[in-house]
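Here is a friendly walk through one structure, from its core out to its charged pairs. Keep the 3D view open as you read.

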Amino acid sequence: DNAAIEAKLSAWLARRVALATPVELPSAPHWVDTPTGRAIEKALTFARTRSKMALVYGGAGVGKTTALERYARNIPRVWYVRASPANGSMAALLRELCDVMAVYTTGWKNAALTSDVIWRLTGEPSLVIVDEAQYLSIPALEQLRYIHDESGAGLVLSGNESVYSRLTGGHRRAEFAQLFSRVGRRLRISMPKDGDVAAVLDAWRVTGSRERAYAAQIASLPGGLRGLVTLLEEA
């Protein structure tokens, strides 16, 4: 009858309106100030102001990359590059450095690229951050040491546990002796601190005690804070 048809049409229109109405989701925090983030910032500042080398290494998902990128965005004359299997060679790394430094290189040979990078770094306090440094070849690492020596710029190598073990273990210890002897600070971050988890949950306005306890369990698993943030975004 007409009443039934009218009820079905009203329900259909209501569903259409509901689907067309944009859902306002809470926005994710752009930056969360954590104890680990502050420790990384101190290591970076040490390397930049003292013209030293620093290692920042440890587990995945503890906030290393986020802190490194933020520091490079906010501090003048700090350049961040991320190594990968595709650009771990000396030539590829030098080209990447020239690109992020906006250096118009005088040539494409390694010697010319190196000279241009050193020229860009010399004269004022500067810092080069190389993330995922476990992918760098031995010649690339040695060339970074040479650039550090010649320019007086700070240098930070960041990555997983193998960054440290490559420099200190086995038959390669002698190969990396000159590089490792220049390291003035080593910061190992194996997993998120309790304060890191609390800061993230506060930023996401998670207040329930059971929810916070469950979140702490998630953060203790492989993936750390990254896994926790992914869970919060899904929630």
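## Around the core

Leucine 157 touches Met53, Ala54, Leu55, Val56, Val130, Ala133, Leu136, Leu141 and Leu144, leaving aside residues up to four places away in sequence. Please keep in mind that this is a predicted model. The largest nonpolar core has 34 residues, and those with the most contacts inside it are Val130, Leu136 and Leu157. Helix H4, residues 90–100, gives the most to this core, with five residues. There is also a second, separate core of 18 residues, which includes Ala54, Ala67, Ala72 and Leu187.

## Helix H5

Next, a helix that you can check with a ruler. Helix H5 covers residues 110–121, which is 12 residues. At 1.5 Å a residue, helix H5 should span 16 Å, and its end C-alpha atoms are 17 Å apart, which agrees. If you try the arithmetic yourself, the expected span is 1.5 Å times one less than the number of residues.

Which residues of H5 are buried? They are Ala112, Leu113, Thr114, Asp116, Val117, Ile118 and Leu121. The buried residues of H5 pack against E2, H4, E3 and H6. Just after H5, glycine 123 takes a positive phi of about 110 degrees.

## Backbone angles in two loops

Most residues other than glycine have a negative phi. Two residues here are worth a look with that in mind. Arginine 77 has a positive phi of about 60 degrees although it is not a glycine. Arginine 77 sits in the loop that runs between helix H3 (64–74) and strand E2 (78–82). With a relative accessibility of 18%, arginine 77 counts as buried, because the cut-off for buried is under 20%.

Glutamate 132 is not a glycine either, yet it has a positive phi of about 55 degrees. Its place is the loop between strand E3 (127–131) and helix H6 (138–151). Glutamate 132 has a relative accessible area of 25%, so it is partly exposed.

## Salt bridges

Side chains of opposite charge can pair when their charged atoms come close. How many salt bridges does a search of the whole structure find? The search finds seven. The table lists some of them.

| Pair | Closest N to O distance |
|---|---|
| Arginine 38 and aspartate 33 | 3.2 Å |
| Aspartate 149 and arginine 145 | 3.5 Å |
| Arginine 182 and aspartate 149 | 2.9 Å |

Take the pair of arginine 38 and aspartate 33 to begin with. Arginine 38 counts as partly exposed at 39% relative accessibility, and aspartate 33 counts as partly exposed at 44%.

Aspartate 149 appears in two rows of the table, with arginine 145 and with arginine 182. Aspartate 149 and arginine 145 are four residues apart in helix H6, so about one helical turn separates them. Arginine 145 is buried, with a relative accessible area of 13%, whereas aspartate 149 is partly exposed at 33% relative accessibility.

The bridge from arginine 182 to aspartate 149 links distant parts of the chain, 33 residues apart. Arginine 182 lies in the loop between helix H8 (177–180) and strand E5 (183–189), while aspartate 149 is in helix H6. At 26% relative accessibility, arginine 182 counts as partly exposed. Glu142, Arg145, Asp149 and Arg182 are linked in a network of salt bridges.

## Rings

A pair of aromatic rings is described by the distance of the centres and the angle of the planes. The structure holds one aromatic pair. The rings of tyrosine 57 and tyrosine 164 have centres 4.9 Å apart and planes at 10 degrees, so the pair is stacked; the cut-off for stacked is under 30 degrees. Tyrosine 57 lies in strand E1 (residues 53–58) and tyrosine 164 in helix H7 (residues 161–168), so the pair ties together parts that are 107 residues apart in sequence.

Are the two tyrosines buried or partly exposed? Tyrosine 57 is buried, with a relative accessible area of 6%. Tyrosine 164, at 27% relative accessibility, counts as partly exposed.

One more ring has a charged neighbour. Arginine 185 lies over the face of phenylalanine 46, at 4.4 Å from the ring centre.

Terms used. Residues are numbered from 1 along each chain as its sequence is written. This is a predicted model: local features need pLDDT of at least 70, side-chain atom pairs count only at pLDDT 80 or more; totals for chains, interfaces and linings use all residues. Side-chain values use heavy atoms; hydrogens and water are left out. Buried means under 20% relative accessible area, exposed over 50%, partly exposed in between (1.4 Å probe, protein chains only). A salt bridge is a side-chain nitrogen of Lys or Arg within 4 Å of a carboxyl oxygen of Asp or Glu. A nonpolar core is a set of buried Ala, Val, Leu, Ile, Met, Phe, Trp, Tyr and Cys residues joined through side-chain atoms within 4.5 Å. Contact means heavy atoms within 4.5 Å. Rings of Phe, Tyr and Trp (its six-membered ring) pair if their centres lie within 6.5 Å; planes under 30 degrees apart count as stacked, over 60 as edge-to-face and the rest as tilted. A charge sits over a ring if NZ of Lys or CZ of Arg is within 6 Å of the ring centre and within 35 degrees of the ring normal.
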